[in-house]
Amino acid sequence: MTETAAVYHAGSRTVQDRVGVRRNADHVGRSIGRDIKPVAAAFLGLQPMLVIGAAAPDSGRVWAGALTGTPGFVRATGTRQMSVTGRVPAADPLATALTTVGTPVGTLALDPRTRRRMRLNGRLRPTPGGFAVEADQVFANCPKYLQRRQSYETVGDRTPGTARRSGELSRAQAAFVADADTFFIATVHGDGADASHRGGNPGFVRVASPTELTWRDYPGNAMFLTLGNLAADPRAGLLFADWTTGTTLGLTGEARTEFGPGGERRVRFTVHEALETPHALPLRWSAPEYSPANPQPPG
């Protein structure tokens, strides 16, 4: 087995072959390694937020969440280890996963100021101050579909409100989703997890019903890690965040990819549970400058 082949599992290969991009995927896959290079370590140390995805050990449901802190709370503590200071609240659906040795996790560090992002996937080990992740995959992504936000401030007196759980989206939550220009998606496969970003102009995510969302899968890097995971295991978690108020909406459920003519792809997500937390994140970002790569939502 070649090094590039080892990067992809059967699910990703199935999607790559269906779309006809295996050769491109092999080329791009060479950028995936296990080492955290100095430029990546420096990037991590500047970030005030880290997105993380995993399956909850008790329920098996997949969730995406976000941790925040003073830059430096995420740092490279070895050539193949990232350490995070801080924990999610005990009531968070990821709390058990982030305190269980060996949990497969996917993480995403994203900087809207520079439109840079990097992903680090691996195995978690709890530490006295938080957790560490032993890296299996480390790689950067292009800035496509990432909205630029020039600056942020930390709102020191912002206190998270009471989380609200439900089995479907309320009208207000549906409007929140429909107005979003960004969300994060966590997926899993047999021996790993991944956290990724999806972006577009407001309206790129459609609410088909209180329990169903759809979005077009825009052309990307040809690796199809997210869609490949979904081909192997439909469980997924989505995270929507209000970049001004810090309110978050986490969704867990299942997602499937529909392939249309001309290579067009649409993902259909079924909501199993919604968790809204008012003012969950202490960060207030400036207004977005939409990516020039964003397709216009169809009328």
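Q: What makes a residue nonpolar, charged or polar in the lining of the second largest cavity?
A: Ala, Val, Leu, Ile, Met, Phe, Trp, Tyr, Cys and Pro count as nonpolar, Asp, Glu, Lys and Arg as charged, and the others, Gly among them, as polar. By these classes, the lining of the second largest cavity has four nonpolar, three polar and one charged residues, and its members are L110, P112, L146, Q147, R149, T182, H197 and W243. The model is a predicted one, in which local features need pLDDT of at least 70 and side-chain atom pairs count only at pLDDT 80 or more, while totals for chains, interfaces and linings use all residues. Residues are numbered from 1 along each chain as its sequence is written, and side-chain values use heavy atoms, with hydrogens and water left out.

Q: What makes a space in this model a cavity?
A: On a 1 Å grid over the protein atoms alone, a cavity is a set of points where a 1.4 Å probe fits but cannot get out, and lining residues have an atom within 4 Å of a point. The count comes to two cavities of 30 Å³ or more, with about 80 Å³ in the largest cavity and about 40 Å³ in the second largest, where a volume is the space filled by probe spheres set on the points, which are joined across faces, edges and corners.

Q: Why is E168 called partly exposed?
A: Buried means under 20% relative accessible area, exposed over 50%, and partly exposed in between (1.4 Å probe, protein chains only). E168 has 43% relative accessibility, and therefore counts as partly exposed.

Conventions. 1 Å grid on protein atoms, 1.4 Å probe; cavity = no way out; pocket = protein on both sides within 12 Å on 5 of 7 lines; lining within 4 Å.
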